[in-house]
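Visitor: I work in computational chemistry, and I would like a close look at one part of this model: the open sheet and what packs around it. Could you walk me through that, with the cut-offs behind each term?

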Amino acid sequence: MYYLGVDLGGTNIKAALVNEEGVILQEASRPTRLPRPAEAVCDDIAEMCAELAAGQEVAGIGVGCPGTIDGGIVRFSNNLDWHDFAMGPYLEARTHLPVYLANDANAAALGEALAGCAKGADSAVILTLGTGVGGGVVLNGKLLTGYTGAAAEPGHMVITDDPNAPLCTCGRRGCLETLASATALIRMTREAMEAHPESRLHEVAARDGVNGRTVFDAAALGDETAKAVVEQYTHALAVGIANLINIFFPEVVGLSGGVANQGENLLAPLREAVAPMVFGDAYAEKHTRITTCQLGYRAGVIGAALLARHQA
């Protein structure tokens, strides 16, 4: 039996035909072409699903959609400008298949938990270090969605009560997103460059501009300013991860996004920083494994398809 996974983004719609093990057999992509009515976007999704399902036994469709998801309803999606849209029922009427919705970050987390970096584990927390800090929590193979479907927003966990901490888009100061996202790292890099004109950060930035790699590349050259920024960033991320471990004690914490591409340059000091913050770590026989995600941009469609598999 096969399942269809859809990853709906503000720029592109990605879809795939996936087997029960999370392996993609066929995939397709179309531009989302916003702004336009939700029904028009869903008509495109239905057409893509029909093309991928042709001649196959498909049991259901899973959709990862940005925003707050409540059952089959998109309560609010800022990226799409949708409000209280019954996406699930609309797609079911168009495709004649059961449709299951999840927040897009949660769907990607499910993909990594079941078919990626945490495959075989009972529990996982997945963090995406990008423009913000997104993620999802998977316990016993199921997404933790909460009472309203809006659970697992790790980026809006406050990790410092410093009144001068950066202001988050959510309205609070000191959120993990403002201190451990790729956006935060770029901001911190620019601030360090302004304060230290002698730093080799300027040399590195002159080649590719300021991005999530800049500070790591300069630190590798021995630059002390860059090393200090890396240490500051790693500490903030470690506090957030330790908090999540202390709440959920997952078997795996998986990191995705551009910053996570630093691999062991990030993971080694991060693990060292996290360990003393974890409750009972010195006496525990089992420890959460902190690693990088494996599925890349395909995590969303794979996770959405596996959402359908586990709920169909």
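Guide: Happy to; here is a tour that starts at the sheet and moves outward to the helices.

A word on the ground rules: this is a predicted model, where local features need pLDDT of at least 70, side-chain atom pairs count only at pLDDT 80 or more, and totals for chains, interfaces and linings use all residues. Residues are numbered from 1 along each chain as its sequence is written, and side-chain values use heavy atoms, with hydrogens and water left out.

Let us begin with the sheet. Five strands make up an open sheet, in the order β3-β2-β1-β4-β8, and the pairing is mixed. Helices (H or I, at least four residues) and strands (E, at least two) are DSSP runs, numbered from the N terminus. Two strands count as paired if DSSP finds at least two bridges between them. The edges are taken by β3 and β8 (99-103), each with a single partner strand, so one side of each is left without a neighbour in the sheet. From one strand to the next, the twist averages 15°. For angles like this, axes are lines fitted to C-alpha atoms, for helices over the stretch in contact, and the angles run from 0 to 180 degrees between N-to-C directions.

Now follow the antiparallel part. Strand β1 (residues 2-8) pairs with β2 in the antiparallel sense over six bridges, and Asp7 stands opposite Lys14 in β2. The two form a hairpin, with three residues between β1 and β2. Strand β2 itself (residues 12-18) is mostly covered, with five of its seven residues buried; buried means under 20% relative accessible area, exposed over 50%, and partly exposed in between (1.4 Å probe, protein chains only). On to the next pair: β2 and strand β3 (residues 24-31) are antiparallel too, over seven bridges, and here Asn12 stands opposite Pro31 in β3. β2 and β3 also form a hairpin, this one with five residues between them, and Gly22 in its turn has a positive phi of about 85°.

Past β3 there is a detail worth a stop. Pro35 sits in the loop between β3 and α1 (38-53), and a cis peptide bond joins Leu34 to Pro35, with omega about 0°.

At the β8 edge the sense changes. Strand β4 (residues 58-65) and β8 run parallel, joined by five bridges. Gly62 has Tyr100 in β8 as its bridge partner. Helix α3 (residues 104-115) packs on the sheet and touches β1, β4 and β8, its direction making about 100° with that of β8; contact means heavy atoms within 4.5 Å.

Two backbone angles may also catch your eye. Asp84, in strand β7 (residues 82-85), has a phi near 50°, a positive value in a residue other than glycine. Asp84 is exposed, with a relative accessible area of 52%. His96 lies in the loop between α2 (87-95) and β8, and its phi is positive at about 60° although it is not a glycine. His96 is exposed as well, at a relative accessible area of 69%.

Back to the helix on the sheet, since α3 has a helical partner. The axes of α3 and helix α10 (residues 299-311) come within 7 Å and cross at roughly 80°. That makes α3 roughly perpendicular to α10; angles under 35 degrees count as roughly parallel, over 145 as roughly antiparallel, 65 to 115 as roughly perpendicular and the rest as oblique. Residues of α3 in this contact include Ala107, Leu110 and Leu114, and those of α10 include Ile302, Leu306 and His310. The residues of the contact of α3 with α10 divide into 10 nonpolar, four polar and one charged. In this count, Ala, Val, Leu, Ile, Met, Phe, Trp, Tyr, Cys and Pro are nonpolar, Asp, Glu, Lys and Arg are charged, and the others, Gly among them, are polar.

To round off the helices, consider one more pair. Helix α8 (residues 224-248) packs with α5 at an angle of about 150°, their axes 10 Å apart. The two, α5 and α8, are therefore roughly antiparallel to each other. In their contact, Leu185, Met188, Thr189 and Ala192 in α5 meet Thr225, Val229, Gln232 and Tyr233 in α8. The residues of this contact of α5 with α8 divide into five nonpolar, three polar and no charged.
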